[in-house]
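Me: I would like to learn how to read contacts between side chains and empty spaces in a model of this kind. Could we go through it step by step?

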Amino acid sequence: MPLIALLVRDGVPGHQLTTPAMVLEAASQSHPAARYDLRICGPSGRITTAGPLPVAVTVPWGTDALAEAGTVLLTGHDGFLAEPPPEIVGALRAAASRGARIAAVGTGTFTLAATGLLDGHRATTEWAHLAELDRRHPRVTVDPSGTLAGDGPYPTAAGVFGGVDLLLHLVARDHGPAVAARTARRLISPMYERAGATRDAIERELAGSAGLEPALRLLESADLDRTPTLAEIAAHAGISAGAVRRRFRERTGLTPHQYLLRVRLERARRLLEDGDDPIERIAATAGFGSPAAFRRHFHHLTGTTPRAYRTAHRNNGSP
């Protein structure tokens with residue numbers, strides 16, 4: 001079962017402490033294989049949440065637990081502008097060096113940026129602190145959208161819904177966009193069902209605000225030998241082409257065709273992990289025009305070649 005280490009410190013916003021468990025529980029209910037071991041870790045055994053009604057929380061695991069995690073999730077905290085303790089910096093760099101994903105929500109992005117791991121990557125944080133992040137870390141490309149910056153192995157997000165989006169992003173990378181979409185539906189549907197909404201109404205709301213569900217379904221089920229046009233995607237979603245572009249950018253940080261590329265690369269990644277097909281066949285099966293295009297896109301997204309990825313995965317196991 002994949003291990004996610006939730007790294008918390010004093011002054012963590014309460015919703016950042018509870019959102020991961022909420023989303024991961026919904027994911028496990030949406031797909032039997034989408035099960036995670038979530039551990040709350042920190043440099044001290046007890047912390048207090050932020051806000052006018054602080055809550056004391058016991059932290060069961062120390063920072064040494066990061067050494068076992070395939071994913072580390074950093075939350076916001078008090079004093080985020082100060083340099084993080086050396087033990088945290090060292091643990092995060094060690095996790096990154098062995099291939100773990102490291103994600104951050106809210107002002108946790110400052111902790112991640114202080115390690116240098118975000119240099120050359122796109123990142124975001126709370127809207128009020130975007131300028132400070134840009135000033136302190138000029139090598140980081142600061143995304144002003146403030147929702148989700150899913151750049152490579154270090155995705156970041158901000159806000160209450162940004163935390164949800166970040167966890168859904170991780171679920172999508174592990175189990176595919178369809179499982180993430182079902183998880184989002186499970187999180188949102190009960191609230192509307194209690195209000196007497198029909199399933200069609202829920203689908204329309206999801207399409208407008210929680211992930212462009214109809215358009216996502218089209219891209220996930222599209223013939224891999226053919227790329228649907230923007231007009232076709234818009235017609236399937238029932239909205240204008242401009243709205244499709246805008247909403248995809250807002251919800252995923254990608255254009256529709258960039259999203260489709262990620263879907264294809266995810267399928268190729270799983271083929272590399274699970275089978276022995278040659279690279280040329282995987283490129284064709286996943287929908288790339290040529291093996292050269294597949295290698296180029298795969299290297300751009302992962303920083304390695306398909307062949308090296310397959311070798312590393314089989315030697316070390318999946319992160």
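Reply: Let us begin with one contact: the side chains of Glu280 and Arg295 meet in a salt bridge, 3.3 Å from N to O, where a salt bridge is a side-chain nitrogen of Lys or Arg within 4 Å of a carboxyl oxygen of Asp or Glu. Glu280 lies in helix 12 (residues 279–286) and Arg295 in helix 13 (residues 291–302), so the pair ties together parts that are 15 residues apart in sequence; helices (H or I, at least four residues) and strands (E, at least two) are DSSP runs, numbered from the N terminus. This is a predicted model, in which local features need pLDDT of at least 70 and side-chain atom pairs count only at pLDDT 80 or more, while totals for chains, interfaces and linings use all residues. Residues are numbered from 1 along each chain as its sequence is written, and side-chain values use heavy atoms, with hydrogens and water left out.

Me: Is Glu280 buried, exposed or partly exposed?

Reply: Buried means under 20% relative accessible area, exposed over 50%, and partly exposed in between (1.4 Å probe, protein chains only). Glu280 is partly exposed at 40%, and Arg295, with 33%, also counts as partly exposed.

Me: Which residue forms a salt bridge with Arg136, and how many residues apart are the two in helix 4?

Reply: An α-helix has 3.6 residues a turn, so residues three or four places apart point the same way. Here Arg136 pairs with Glu132, their closest N and O atoms being 2.5 Å apart, and because the two are four residues apart in helix 4 (residues 130–136), about one helical turn separates them. Arg136 has a relative accessible area of 34% and is partly exposed, as is Glu132 with 21%.

Me: What does Arg122 pair with?

Reply: Arg122 forms a salt bridge with Asp143, with 2.5 Å between the closest N and O atoms. Asp143 is buried, its relative accessible area being 13%.

Me: How does one find empty space, and how many cavities of 30 Å³ or more are there?

Reply: Rolling a probe the size of a water molecule over the atoms shows where empty space is left. On a 1 Å grid over the protein atoms alone, a cavity is a set of points where a 1.4 Å probe fits but cannot get out, and lining residues have an atom within 4 Å of a point; a volume is the space filled by probe spheres set on the points, which are joined across faces, edges and corners. The search of the whole structure finds two cavities of 30 Å³ or more. The largest has a volume of about 70 Å³, and twelve residues line it, with Gln16, Thr19, Pro20, Val105 and Gly163 nearest its centre.

Technical notes: On a 1 Å grid over the protein atoms alone, a cavity is a set of points where a 1.4 Å probe fits but cannot get out, and a pocket is an open set with protein on both sides within 12 Å along at least five of seven lines; lining residues have an atom within 4 Å of a point.
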